[in-house]
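Here's a quick briefing to read with the model open beside you. Have a look at the chains first, then work down the points.

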Amino acid sequence: MKIAEINNLQLSSIIFTQILGTSLLIIPGTVVQIAGVDGWISQIVSTLMALIVGTMVFYLYNNFPHDNLIIIFEKLFGKIIGNILGIGFVIYCILSLSTVIKQGCSITGYIFLPETSPLIFFIVFFLIVVYITKVGMNALARTNVLVMLLLIITFVVIIITAVPLLNVPLKPLLLEGLSPVLKGSLTPSSWMGQVILITMIFPYLTSGNKKNIKTTILITLIVVGIDHTIITMFTLGVLGLETKDLLIPVYSVAKLIEIDLIWRRLDVMIMFSWVAGVTLKMSFWYFCTVLALKQLLNLNKYEPIVFPLAFLTFVIAYYSTNNTVELTFYLGNIYPILSLFSYEFAIPLIMCLTLFIRRKRIRKDSKEFTP
Amino acid sequence: MIIFSMFILICIIITVIEIRPLEKKDKGKYLVVNGSILIISIIVFLIHEIHPYSITNIMISIFKPFANTLFS
Amino acid sequence: MKSLGVIAIILVLLLSSCTNSEEVDKLSLISAVGLEKIADNEYKIIIQYLMPKKDQEPFPITKEVDGLTIYEANNNLNEFLPRKPYWSHNFIILLSEELAKEGIRRQLDFFRRNPEMRQDMLVAITESPRKILYNLQEQQLSGETLKLIAGQASERNGLGEVSTLHKVYQNLFFKKPFLTITHIFLDGENPRIDGVSIFDKDKYITTIKGDEARGLGLINLKNKYSSVTVNCLDNENRQITFNLTNTHKKKNAYVNDLGIFKIHLTLEFEASLTESHCMRNLSNTDTIKKLEKSLNKKIKELAKKTIEHSQQNVEIDYFGFGNLLYLNHPKKWKEIEGEYKTVYKNANIQLKIKTRIVQTGAVN
């Protein structure tokens, strides 16, 4: 079977929507809670952090262009440790995905359809995610390009129309030193570090020019980082420290925008990009989860396990939190630790070091990736 | 509960439809995998019915001391 | 794959109507709300809602409800409203002075917590919201009128900032809040904006009116329209009026080595002559120079009056100088934060006003 191919634009769009799909709305609030007025500096720090992860991803790609993360585990660490790490990765994926789903459903319900039963969102998102995963990587990548455009348009329109509202200066700078800034940068780092999922789709990348892929990954991460920085600056500039008091600050900014009679209630755009972004983020995460499980169990095709696994994920997601306070605390304070010390930073770092040390003695045989 | 069992039913039907055209050797494998996934989800559901918990809450109670030292 | 399609089609059939639909003709659109205190922890909530009429403008109806909180009152409202109360289009929140003295933050919480609520509704202080709302009902005016009036008063007459819910909260989150809120006064039959209420954090202190309010506007607002009248050069009994456009504003606050809080204010205006009762010919450049001088003096007088009022009478910094100090010299701010009241009282405020007369109108 021919493997679907992803070109550089599609790759960058995947990274873009994958990170910005949920972070665009939520990230200013969580960061400002910890770092205060210096939240935007935290975003710059987290971008640097993400660049390190991006470089590691590329380093892995450079050595294993035809394998995905599960196979790389096995090649690097042997069968037993590799399989343990693989199972861990699947669990990590399902856990992360379940919070993404919960977030998507609860925020869509909370802002846009407050009187609808949350179960409806779960069912609708479930069907969409299953459908997109069954259709395959190619369609997912192409849709991502469209949604990236949508996100960029939303971002630019909101930034431009919010300029007249800016009236809070971003001062004083670094009053409490660097430590709140560094602490604040952990949360966005955990978001940006999700670029590690790209390791799951290495075989799909067009292996024409390796250098291009490196620049694509790094430039996309820098653009995402700039987006994060600007959106944090603008929410701080418009709302001041009120930002930390609000659940979804960017949505509040959009609600305030009022330019003449035409440009009003831009929160509709927010809804647009939120639903589209979250759906694709879920789909991509889910696609990676399915691929990982399939590779782990040595199956030939991934289609038959799509529906049951999605069901399991959505059941877990449905019971993942009791209320928004828990979810916000989890995403702001617990998830960064959970992810950065496992598959987003620590394990890739160990992998790269191992690879660097025993470059010559990597097992060449073992499994091959099949679509 | 009703919706849950309905979805379980749909899951089983779809699995059967998907698996039928495959070879005999693969069939068993997929049946085992799908079956165990379904059983896990039923367990998750049942535990929640008996004792309401939430995964993030468990995570929070495990990692909270760590998070407090890191973020405060 | 096919089966999935079939399921999808079956599910689509279920989507043919929506649950909990809210039709416009099944809602009571609330256009103004007033809060009044009757006893300790007991509030009267006065609500104005719009009753749609066929081929007519909707006319406002005022109702009173009791409740411990606004949401409770909202639910009690259902006892005598034919339709569901709908809050998103509320234009104005009126708070009674008595209530505001206890702090306004908790009263406004309901309006911020509800995600459907717009944050651009006007918050206003008045002596008795009940009187104002009944007056509006008599005159067949909705809450929107009051909001528009407040906008006019601020934009065209320099009477303080329009205190929308967003602005109020933005201000309350500053290190040193300097909240000012529009004050509404029932002048005979007509509600009018007569001044600016000043706050200590979120507690109402007093309302400044007349010259003081104008002075506050000159110092804090960046306005296109505000008028100043000075006496004629040759005749003390005749006046000459200018329209002022603020072009530049510079504020600087610091604490010097002796521990004295110093504030430098530079205000620059462009004035255009709009009405003159004077006899003298204005085409002479010397006359213009002299007029500019007397304008400067007058503006300085107005601003001084407000500053003195804030320093001596109420002892509250409602210009935001404390916040300015925090933004630019956060370490100094920390030193004086505890005794800010006395520091501000003894502060040395230097005013520098530059006015340029750019137009004298169509007459020479």
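What follows covers one helix pair, two chain contacts and a pair of annotated spans.

Keep in mind that this is a predicted model. In chain A, we'll start with how α1(A) and α6(A) pack. Then come the contacts of chain A with chain B and with chain C, and last the spans that UniProt marks in chain B.

**A helix pair inside chain A**

- Helix α1 of chain A runs over residues 8-35 and packs against helix α6 of chain A, residues 137-162.
- Their axes sit 8 Å apart, at an angle of about 50°.
- That angle is neither under 35 degrees nor in the 65 to 115 range, so α1(A) and α6(A) count as oblique to each other.
- The crossing of α1(A) past α6(A) is left-handed.
- On the α1(A) side, the contact is made by L9(A), Q10(A), S13(A), I14(A), F16(A), T17(A), L20(A) and L24(A).
- Facing them from α6(A) are A141(A), R142(A), N144(A), V145(A), V147(A), M148(A), L151(A) and F155(A).
- Sorted by class, this helix contact comes to 11 nonpolar, 4 polar and 1 charged residues.

**Where chain A meets chain B**

- Each partner puts in 30 residues: 30 from chain A and 30 from chain B.
- On the chain A side, the elements giving two or more residues are α4 (79-112), α11 (303-318) and α12 (324-340).
- The top contributor on that side is α11(A), which gives 10 residues.
- By class, the side of chain A that touches chain B has 20 nonpolar, 7 polar and 3 charged residues.

**Where chain C meets chain A**

- Here 15 residues of chain C are in contact with 19 residues of chain A.
- Two helices of chain C, α7 (165-172) and α10 (321-328), each supply at least two residues to the chain C side.
- Of the elements on that side, α7(C) gives the most, with 3 residues.
- The chain C residues touching chain A split into 7 nonpolar, 6 polar and 2 charged.

**Annotated spans in chain B**

- An unreviewed UniProt entry places the feature "transmembrane region" at residues 6-23 and 30-47 of chain B.
- In the model, residues 6-23 of chain B are 78% helix and 0% strand, and the end C-alpha atoms of this span lie 28 Å apart.
- Residues 30-47 of chain B are 100% helix and 0% strand, with the end C-alpha atoms 26 Å apart.

Methods:
Residues are numbered from 1 along each chain as its sequence is written. Chains are lettered from A and ligands numbered from 1 in the order in which they are written. This is a predicted model: local features need pLDDT of at least 70, side-chain atom pairs count only at pLDDT 80 or more; totals for chains, interfaces and linings use all residues. Axes are lines fitted to C-alpha atoms, for helices over the stretch in contact, and angles run from 0 to 180 degrees between N-to-C directions. Helices (H or I, at least four residues) and strands (E, at least two) are DSSP runs, numbered from the N terminus. Angles under 35 degrees count as roughly parallel, over 145 as roughly antiparallel, 65 to 115 as roughly perpendicular and the rest as oblique. A crossing is left-handed if the near helix is turned anticlockwise from the far one by less than a right angle, and right-handed if clockwise. Two residues are in contact if their C-beta atoms, placed from the backbone, lie within 7 Å. Ala, Val, Leu, Ile, Met, Phe, Trp, Tyr, Cys and Pro count as nonpolar, Asp, Glu, Lys and Arg as charged, and the others, Gly among them, as polar. UniProt positions are given in the numbering used here, feature names are shortened, and annotations may be inferred rather than shown by experiment.
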